[in-house]
Amino acid sequence: MSKELPKVSRYEVFRNRKQILENPLPFHRKHFDHLGDTFKVEVSFGRNIIFTRNANIIRHALQQNHKNYRKSELQTEDLARYIGKGILTAEGEHWRVHRRMIQPAFHKKKLHLLLGTMVDVIREELGRIEPRKTTDIFPLMGDLAFQVVAQSLFSRADIRTRMNRLQEITERNQQMLIREMRQPYLKWYFRLSGKISKHMDMAEQGRDILNGIIEERIESGEEKNDLLDMLLHARYEDGSAMNRQQLIDEVLILFTAGHETTANALSFALHLLASNPGEQEKLYEEVRATDWEESDPLDLLGKLSYTKQCIEEALRLYPPVYVIDRVAKEQDSIEGLELRKNTLLLMSVYELHRSEKFWEQPEKFIPERFDPVRNLNYSAYYYPFGAGPRMCVGNNFAMYEMVMVLSMLVKEFRITTPQPTLTPNPLISLKPGPVHLEFVPR
């Protein structure tokens with residue numbers, strides 16, 4: 001017998017529309033706490049969305065029966081309008097083919113070639129910090145992560161102006177997409193007022209910027225051993241290369257997903273360390289005891305174990321991908337719950353990561369819970385980079401970058417904050433609001 005789920009009416013959704021537009025997380029928390037780990041939301045007459053933080057349902061959809069689930073049109077159509085059909089937004093055979101082509105670029109052996117560039121960019125960007133001055137660190141982390149991706153892709157320092165324009169375009173288009181997603185009843189207005197066409201024109205400007213940089217590389221005939229070279233040399237099974245439009249799509253996806261989620265996670269992690277001075281000092285002692293000069297860059301990840309735990313704990317509390325959507329291709333059954341074909345499932349990673357069923361003191365910052373000596377397996381309820389075949393292709397790249405940033409900052413500064421709490425800003429990814437920190441030289 002199918003389980004009957006409690007329901008949030010479309011009237012209640014409409015009544016809370018302002019709060020949902022600004023920040024849906026409190027709305028989610030209220031109903032998870034009141035209705036249980038799985039409930040449905042009536043978004044229009046006869047159309048329901050199922051919300052869940054049930055670990056078994058999430059694992060089933062992302063891993064155990066992933067072939068029966070696809071991404072929703074929000075990603076494959078709406079988001080793809082702005083950033084193209086790359087491995088983040090593609091589905092089916094198109095996704096499988098391009099995932100196989102791009103995956104080798106992020107193998108550890110290839111990643112090793114990019115680490116020197118990454119560290120140089122991080123050092124340059126961190127040099128912009130003004131000591132003993134309270135600063136909103138989020139814009140700086142955004143610039144840092146963006147430049148790391150830009151340099152890793154193009155190995156050029158003379159394109160910052162163009163990259164800044166591309167960053168502005170991606171951020172403004174994301175804000176427009178969020179309005180479309182949370183105010184579906186205004187889509188007619190967005191179209192008739194010209195707002196959507198305006199943002200589509202901006203997206204085309206971004207593609208033109210990337211096309212110009214790619215054209216310059218091809219005309220130069222240079223070999224840089226960067227991500228762009230790896231993409232240019234990637235081949236389909238018949239030996240052919242990606243066409244220019246597909247190449248731009250993949251580069252744009254790497255920019256958008258690669259810099260934004262890392263900037264978010266770093267900002268949250270730095271605030272958590274500033275708010276927990278004991279954990280910050282433990283990280284400092286680890287960094288101070290590490291021989292940076294004699295260590296192979298990849299070996300540093302193993303040596304900076306506690307630093308990595310701090311990042312893992314920050315990703316638990318503030319997962320950049322805070323909700324994952326899937327649509328059932330065919331009817332399915334999970335724990336007595338019958339899912340009809342085309343049912344939209346919204347899985348709250350944010351709520352799962354804060355569930356008392358799996359985490360002791362889930363609201364607290366406790367990096368030691370990820371201590372490898374404890375040998376605890378969190379894979380069934382910890383999804384900082386997603387799970388299954390569609391797990392983030394750049395997770396190793398992002399983790400190394402975050403370890404380097406935290407360790408280099410804490411090595412030079414004691415970080416404090418006048419800001420006791422952070423309010424997350426859930427857009428396409430989970431962003432922080434302003435993150436006010438002060439950096440005092442050690």
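Biologist: What makes helix H13 count as largely enclosed by the rest of the structure?

Modeller: In this predicted model, 26 of the 32 residues of H13 are buried, so the helix is largely enclosed. Buried here means under 20% relative accessible area.

Biologist: How do you know what span to expect for H13?

Modeller: The expected span is 1.5 Å times one less than the number of residues. H13 covers residues 244-275, and for its 32 residues 46 Å is expected. From first C-alpha to last, H13 reaches 47 Å, which is close to that value.

Biologist: What makes the approach of Asn243 to Gln245, at the start of H13, a polar contact?

Modeller: A side-chain oxygen of Asn243 comes to within 3.2 Å of the backbone nitrogen of Gln245. The cut-off for such a pair of N or O atoms is 3.5 Å, so the distance fits.

Biologist: Which residues touch the most other members of the largest nonpolar core?

Modeller: That core has 131 residues, and the ones with the most such neighbours are Leu126, Met141, Phe154, Met163, Phe255 and Met404. H13 gives the most to this core, with 16 residues. Leaving out residues up to four places away in sequence, Phe255 touches Phe146, Val149, Leu153 and Phe154, among others.

Biologist: Why is Cys310 called buried, and why is Cys392 called partly exposed?

Modeller: Cys310 has 1% relative accessibility, which is under the 20% limit, so it counts as buried. Cys392 has 35%, which lies between 20% and 50%, so it counts as partly exposed.

Biologist: How many disulfides does a search of the whole structure find?

Modeller: Zero. A disulfide needs two cysteine sulfur atoms within 2.5 Å, so the search found no pair that meets this limit.

Biologist: Now to the sheet. What makes E1 and E4 its edge strands?

Modeller: Each of them pairs on one side only. The sheet is open, has six strands with mixed pairing, and runs in the order E1-E2-E3-E9-E6-E4.

Biologist: How do you know that E4 and E6 pair?

Modeller: Pairing needs at least two bridges. E4 and E6 (residues 323-328) have two bridges, in the antiparallel sense, so they qualify. Tyr69 stands opposite Ala328 in E6.

Biologist: One last helix: what covers the buried residues of H11?

Modeller: The cover includes H5, H8, H9, H10, H12 and H13. Among the buried residues of H11 are Ile196, His199, Met202 and Leu210. After H11 comes Gly221, with a positive phi near 70 degrees.

Definitions and conventions. Residues are numbered from 1 along each chain as its sequence is written. This is a predicted model: local features need pLDDT of at least 70, side-chain atom pairs count only at pLDDT 80 or more; totals for chains, interfaces and linings use all residues. Side-chain values use heavy atoms; hydrogens and water are left out. Helices (H or I, at least four residues) and strands (E, at least two) are DSSP runs, numbered from the N terminus. Buried means under 20% relative accessible area, exposed over 50%, partly exposed in between (1.4 Å probe, protein chains only). A polar contact is a pair of N or O atoms within 3.5 Å; within protein, one must be able to donate a hydrogen and the other to accept it, and residues adjacent in sequence count only if both atoms are side-chain atoms. A nonpolar core is a set of buried Ala, Val, Leu, Ile, Met, Phe, Trp, Tyr and Cys residues joined through side-chain atoms within 4.5 Å. Contact means heavy atoms within 4.5 Å.
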